[in-house]
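This report covers one helix pair and the empty spaces in the structure shown below.

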Amino acid sequence: MFPICAPPLVDGVVTIAGDRIVAVGENLSGQRAVDLSEVALGDVALLPGLVNPHTHLEFSRLAHPLGHPGMPLSAWILEVVAYRRRIEASAAESAEDARRAALEAGLQECLACGVTTVGDIVTAGLDEVLQCPAPIGWYLFQELRGQTAQAIAAQIDLARQHLRPVTSRPELRPALSPHAPYSTARELVAAACALSRDASCPVALHLAESREELQLLATGGGPLRDMLEQLGAWVPAAFARASAPRDYLQLLDTAHRSLVVHGNYLLPADWDYLAQRAARMAVVYCPRTHQYFGHEPYPLPDLLRCGVRVVVGTDSRASNPDLDLWQELQVTARTHPGVAPAEIVRMGTLNAAAALGWETEVGSLAPGLRADMALVRIGGHQLPTDPHETLFDATSVVCGTLSRGSFTDQRRQR
Ligand SMILES: [Zn+2]
């Protein structure tokens, strides 16, 4: 058992009552404990339900990522726009039905992969999303985009509406995501951060994802400008003044909490800036999406050495083959063998929960928290000196999920 907030326990026991954990390390139930190795037919590790802090579930019906590996971000964005237009234009089903089916498929896939809390960037309105039953904790980051005065005003209205409390659905957590510097005016990022303070919700921004983005911010030109012109979305005034990712970090610093999505090309000085604010600002590393675009090596060891809070996300099926956060952590372990396995597990559990601001509910196994857990069938039979190493054996897979105290994925259990 890996409580995450405490050292691992061999033959650990957790007592749950209803949807909550009441004890870790002892059986207070008055009943015989369930032996999970019998359920899973092999040695298992019990972890908190995994937390995927960044995805876009609207793409969850894609069988393959859009475009092709190694393509420039600017070209891939055109693929995304074309995909959305196909959904809107489809005669086979309404766009609303298509989006809802994708969200439901994505939520089920999360659950099957041991993920019980997700940070999802949504483009559908809240009313549409509320039609979906949510089997897991669901952060709804409303995407905000726009660079003209008219668009900014409309998006601020949308953000305000989105943050209205959804008291009937405590598993839904409204949040905001100004999309990216190339698509979203600085005024809109600032407004989203101000609203997040009032609502005590996190803000997510794709930032420093590509060298093209740095070029656009510094010079107002390059492939992203060409892409925006092609889409009829080029607003010269938005890039009249040279800027850099640091300008956006300073805006995000004014939010209640913020997630810097990707941060592939931040500077060492930016790492220090983020490290000084690690309690409220985190960076989301998306390893397989990073590989898909063929980016330069991710500076994970450097970020960690500086003290930046780094968490791991899947991003969406538009740039990733699936939503399996466990695979994402496995890839992180293989790509960065110098990073301690215990650190990597935290990136998909407790640290991800803290990045979202929900660590008092999810992300570790402790009394009072939600009884959300992931079962991982582990390959090796000998416990190594560091038990965390068993988790990243190539054969270790998620074989079951408990959400709010109930086994929810019968298919994977067998
Ligand atoms: Zn993303």
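## Helix pair and voids

Helix α5 passes helix α6 in a right-handed crossing. The model is predicted. Helix α5 spans residues 149-162 and α6 spans residues 186-199. Their axes come within 10 Å and cross at roughly 20 degrees. Angles under 35 degrees count as roughly parallel, so α5 and α6 are roughly parallel to each other.

The contact has two faces. From α5 come I152, Q155, I156, A159 and R160. From α6 come E187, L188, A191 and L195. By class, the contact of α5 with α6 has six nonpolar, one polar and two charged residues.

Next, the enclosed spaces. How many cavities of 30 Å³ or more are there? The count is two. The table sets out their volumes and lining classes.

| Cavity | Volume | Lining by class |
|---|---|---|
| Largest cavity | about 50 Å³ | five nonpolar, one polar, three charged residues |
| Second largest cavity | about 40 Å³ | two nonpolar, four polar, three charged residues |

The largest cavity is lined by E58, R99, L103, D120, I121, V122, T123, A124 and V129. Two elements, α3 (95-112) and β5 (115-122), give two or more residues each to this lining. Strand β5 provides the largest share, three residues.

The second largest cavity has another set of neighbours. Its lining includes P48, G49 and T116. E361, V362, G363 and S364 also line the second largest cavity, as do R370 and D372.

Now the open space. The second largest pocket holds about 830 Å³. It is lined by 42 residues, and those closest to its centre are V81, R84, E143, R145 and H179. Which element gives the most to this lining? Helix α2 does, with ten residues.

Helix α2 covers 73-89. The elements that each supply at least two residues to the pocket lining are α2, α3, β6 (137-144), α5 and α8 (223-230). Helix α5 thus appears in two settings: in contact with α6 and in the lining of the second largest pocket. Helix α3 also has two roles, giving residues to the lining of the largest cavity and to that of the second largest pocket.

By class, the lining of the second largest pocket has 19 nonpolar, 14 polar and nine charged residues.

Notes: Residues numbered from 1 in each chain as written. Predicted model: local features only at pLDDT ≥ 70, side-chain atom pairs only at ≥ 80, totals over all residues. Heavy atoms only, no water. Axes fitted to C-alpha atoms, helices over the stretch in contact; angles between N-to-C directions. Helix = DSSP H or I, 4+ residues; strand = E, 2+ residues; numbered from the N terminus. Parallel < 35°, antiparallel > 145°, perpendicular 65-115°, else oblique. Left-handed = near helix turned anticlockwise from the far one by under 90°. Contact = heavy atoms within 4.5 Å. Nonpolar A, V, L, I, M, F, W, Y, C, P; charged D, E, K, R; others polar. 1 Å grid on protein atoms, 1.4 Å probe; cavity = no way out; pocket = protein on both sides within 12 Å on 5 of 7 lines; lining within 4 Å. Points joined across faces, edges and corners; volume = space filled by probe spheres on them.
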